[in-house]
Amino acid sequence: MGRRVTVATCALNQWALDFEGNLQRILKSIEIAKCKGATYRLGPELEICGYGCWDHYYESDTLLHSLQVLAALLESPVTQDIICDVGMPVMHRNVRYNCRVIFLNRRILLIRPKMALANEGNYRELRWFTPWSRTRQTEEYFLPRMLQSLTKQETVPFGDAVLATRDTCIGSEICEELWTPHSPHVDMGLDGVEIFTNASGSHHVLRKAHARVDLVTMATTKNGGIYLLANQKGCDGDRLYYDGCALIAMNGHILAQGSQFSLDDVEVLTATLDLEDVRSYRAEISSRNLAASKASPYPRVKVDFALSSREDLLEPLSEPLEWKYHSPAKEISLGPACWLWDFLRRSQQAGFFLPLSGGVDSAATACLVYSMCRQVCEAVNNGNQEVLADVRTIVDQLDYMPRDPRELCGRVLTTCYMASENSSRETRDRAAELARQIGSHHIGLDIDPAVKAVVGIFSLATGKRPLFAVHGGSRRENLALQNVQPPRLPDQVRLLQRGHQPHRRHQQDGPQGLRPLLPRALPAPRPGGEDMGMTYADLSVYGRLRKVAKTGPYGMFCKLVSLWKDVCSPRQVADKVRWFFCKYSMNRHKMTTLTPAYHAESYSPDDNRFDLRPFLYNTSWPWQFRCIEAQVRRATKGLLREPRLRGERRLPAALRSRPRFLRPRLREAQVRFGSAGAVPGAASLAWVAVGTWGQSPPLAADSRVQMVSRLLKPPCLSFLFLVN
């Protein structure tokens, strides 16, 4: 008959800039949708790069890697015979847009830019994107060469248009557009669009699910039609938790409800619906039909594909259901717990440390960690292998199986009650009892010796002993003494000495006291910059390229290969860039707790309002570093022309006949040796480049030559020379 369609929407736990992981989750969702019989798959907003990239959207790297992921999707056999609707940033005529890219069987059908940007509360989309303001108009978008070779298309439609398949018409909305006073679905519905899609990056706020459901049901009640809503889920790198709630509705009724708080990285909803139900519903609304007769038409992109099948008479239809809401208390229990799980597993730490005061704030925070443990155990019991693998990594036990939330809580949460002479027995007992109930590993310690030592040192240095207010002390003395705890001892000594009043109480109670267990060792004294593995001069270059030039890892590598061509080989540049971005991403979280600082440089990393970035990165940068490695290999194989190092002599003909992959290793040895270098035979060349890498301090020129001569004996020794 050709009237019943199966459509799919999803909620994905994407991670900002984790292009490799994001690609795998997208492919998995498409595969699940196809297995369920869907012929249209909708994904979340900006799912390819992750919604929370923030100022990384300025980087050409983000655009490039998004295109590379799109190419991988187009090329994958998983995406065949299903219309795929994915989200990514797109640069069109030097303007950056937040777009949907809709494709089928290796051909891009339409690039639809977002027309209403979210720019209030936690949203800053106008900082990075421009809204498409030309309603019902399209332009030609010239595809990059990497896509032209796959799609065999030179241009594709870009703008405000709808898809016309053989059996229905599909129109797109993007997140905020559903919340505007005059949403696009109104005019699209009047122009005959029967299926509306909305790709969202909507974060959790208490009771927000009510608003989403009301907007979707009212849209389809007034205008009829099928509405699909996809959303991101999880913590993708910062303080927000995206709470899923994917849904499918038709004619004012909900037909599929996704979970709001779940540890599943990929969740796919499908529904089988009858297009004739939409048409008959609209037919009896005379006011709607009168308005439709005057509606301006949308550009239609014709698609030689049908969502329905001719033999669909016996296909079971989805039944309406009633949306199940969580109470606000339940949302408070589940939302932060899911966020904590993503934060813990993606930061690759061993657990949390939380000082308990015996008060309600720290107690509530501890209960959230226990709620996280309950979620983890429930997910494992339901067969979630990804969660099981993550929890085994966290506890560092390959055969671990979490069964009891209390037992798991004892492994990942350490609580501590720090008692002083002013602490009450009641608060100590409350803290211990809470720890017993949730199963945390609890430590009770007396900090009086530490407090007395600090106060004693201060008294010895200043000749004054601070007192609490009840004993005649000043307000500043009273506040400082209340906050004399091990994590804050240096701050309070400075407070007492200078008499400055802090802008807030530094007490370790409540969520701000919850911190991951970060094993660290104090670095040994080294010359300036060496403890970081880079000099301050290098760090200044990295900082300007990162912020001012707006480069990511790959872009920085490309610039430094040219900038440092006289002193570094491409391999060395790659190693330096990797080191910087690994350390940068590991330490970015510290920006969230730094004291406000004076703005003085264009490459300031201040994350308050100037340099907005995630603080939770995939520190291995797999996709970006693989792109760098590919360029290094091209240089190694001679596909790229490597600049000759300053003072480097041309290699003799005998060595030029050696395998090409050995030559860059020679260049590394030349850079490392400084004024002297050796060109051994092929068998020993790699050993020289790597084996002498760790010589510190560098050997003198004569010593280096002697060392190489001694190690490389005939017939391996081919040629020996000095570099000016």
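**Salt bridges in a predicted model**

Tutor: In this predicted model, arginine 345 has a relative accessibility of 15% and counts as buried.

Student: Why is arginine 345 called buried?

Tutor: Buried means under 20% relative accessible area. Arginine 345 is at 15%, so the term applies.

Student: What makes the contact between aspartate 390 and arginine 345 a salt bridge?

Tutor: The N to O distance is 3.0 Å. The cut-off is within 4 Å, so the pair qualifies. The pair links distant parts of the chain, 45 residues apart: aspartate 390 lies in helix α11 (residues 385-395) and arginine 345 in helix α9 (residues 328-347).

Student: Why is aspartate 55 described as buried and arginine 127 as partly exposed?

Tutor: Aspartate 55 has 1% relative accessibility, which is under 20% and therefore buried. Arginine 127 has 28%, which falls between 20% and 50% and is therefore partly exposed.

Student: How do you know that aspartate 55 and arginine 127 form a salt bridge?

Tutor: Their closest N and O atoms are 2.8 Å apart; the limit is 4 Å, so the pair counts. Aspartate 55 sits in the loop between β2 (40-42) and α2 (60-75), and arginine 127 in helix α3 (residues 125-128), 72 residues apart. Both belong to a network of salt bridges that also includes Glu59 and Arg546.

Student: What separates arginine 436 and glutamate 433 along helix α13?

Tutor: About one helical turn, because they are 3 residues apart in that helix (residues 425-438). Their side chains meet at 2.5 Å, N to O, so this is a salt bridge under the 4 Å rule. By that rule the count comes to 40 salt bridges.

Notes
Residues are numbered from 1 along each chain as its sequence is written. This is a predicted model: local features need pLDDT of at least 70, side-chain atom pairs count only at pLDDT 80 or more; totals for chains, interfaces and linings use all residues. Side-chain values use heavy atoms; hydrogens and water are left out. Helices (H or I, at least four residues) and strands (E, at least two) are DSSP runs, numbered from the N terminus. Buried means under 20% relative accessible area, exposed over 50%, partly exposed in between (1.4 Å probe, protein chains only).
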